[in-house]
Amino acid sequence: MKPYLLLTPGPLTTTESVKQAMMSDWCTWDADYNEGIVQVIRKELTALASSRPEEYTTVLMQGSGTFSVEAALGSLVRPQDHLLIAANGAYGKRMGSIASYYGIDSHLMKFEETQAVDAQAIDEYLSRNPQTTHVAVVHCETTTGILNPLESIAATVKKHGKILIVDAMSSFGGIPLDMARLGIDALISSANKCVQGVPGFGFVIVRRSRLAQCKGVARSLSLDLYDQWDTMEKGHGKWRFTSPTHVVRAFSRH
Ligand SMILES: *Cc1c(COP(=O)(O)O)cnc(C)c1O
């Protein structure tokens, strides 16, 4: 899998080899699909995201990118937690909508769309609101193309000892990033942005020790990240429900 320096807002172009990969049939139950493709993708994505891959795991999730953002927020943030969302555009605000749907105790810190998220403001909020447990931010706000300063945001969040969730949908694979070095706990992206696959699934790369504590947290059956992970681990790449086999197969053909 090659990272592309191409920040695309969606599925615009795919290569001939990606299209060709979808020309044969794959079954969600087959070992050559689960062990030969799904497990390999999970391992490669984890290695691409973290210099300490053993501390992380990748969970693939059916649906577009938003489904994976929802799965992450709804499965990692518990009812008694407090989430700070720093938003400077549509995708940051969407995380705010997800938090409201789930009844997550949260605060939406709004910045102008022409402005980057300011780590100083996060620092001040966390000092004043020590009950905060999680911070969520978009890496590249695709709507404007603004790249938020992840280094300083992560350093601030870690200084306060909080859990950091990053929507890196349109930057992952294009902009090098090391979750282990920055201390990022969960990172979300999808098949059809920088990684140049076809749309149909997303993924959450997450610190194993965090996810291990999230059994039963999800308020959605199909978007239960813990349960999806548990099934994939025990079933050696088996998805809980029908997986988008052709899309996954195409994703592996870079
Ligand atoms: C594309 C994108 C999403 C998810 O959008 P979908 O239409 O659900 O794929 C979320 N966040 C960012 C930053 C995005 O670029």
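Start with the α5/α6 contact in this predicted model. Select A119, I122, D123 and L126 in α5, then S152, I153, T156, V157 and K159 in α6; these two groups meet. Colour them by class: the contact of α5 with α6 has five nonpolar, two polar and two charged residues.

Now show both helices whole. α5 covers residues 119-128 and α6 covers residues 150-159. Their axes come within 9 Å and cross at roughly 15 degrees. That angle is under 35 degrees, so α5 counts as roughly parallel to α6. The crossing of α5 past α6 is right-handed.

Next, the sheet. Select its seven strands and read across: β1-β9-β8-β7-β4-β2-β3. The sheet is open, and its pairing is mixed. At the edges sit β1 (56-62) and β3 (106-110), each pairing on one side only. Direction ignored, neighbouring strands are turned by 20 degrees against each other on average.

Zoom in on one strand pair. Take residues 163-167 for β7 and 186-190 for β8; they run parallel, joined by three bridges. Pick V166: its bridge partner in β8 is L187.

Add helix α2, residues 31-49. This helix packs on the sheet and touches β1 and β9 (201-207). The direction of α2 makes about 125 degrees with that of β1.

Last stop: H236. Look in the loop between α9 (225-234) and α10 (245-251). Check the backbone there: H236 is not a glycine, yet has a positive phi of about 50 degrees. Is H236 buried or exposed? The relative accessible area of H236 is 44%, so this residue is partly exposed.

Methods
Residues numbered from 1 in each chain as written. Predicted model: local features only at pLDDT ≥ 70, side-chain atom pairs only at ≥ 80, totals over all residues. Heavy atoms only, no water. Pairing = 2+ DSSP bridges. Helix = DSSP H or I, 4+ residues; strand = E, 2+ residues; numbered from the N terminus. Axes fitted to C-alpha atoms, helices over the stretch in contact; angles between N-to-C directions. Contact = heavy atoms within 4.5 Å. Buried < 20%, exposed > 50% of the residue type's maximum accessible area, 1.4 Å probe, protein only. Parallel < 35°, antiparallel > 145°, perpendicular 65-115°, else oblique. Left-handed = near helix turned anticlockwise from the far one by under 90°. Nonpolar A, V, L, I, M, F, W, Y, C, P; charged D, E, K, R; others polar.
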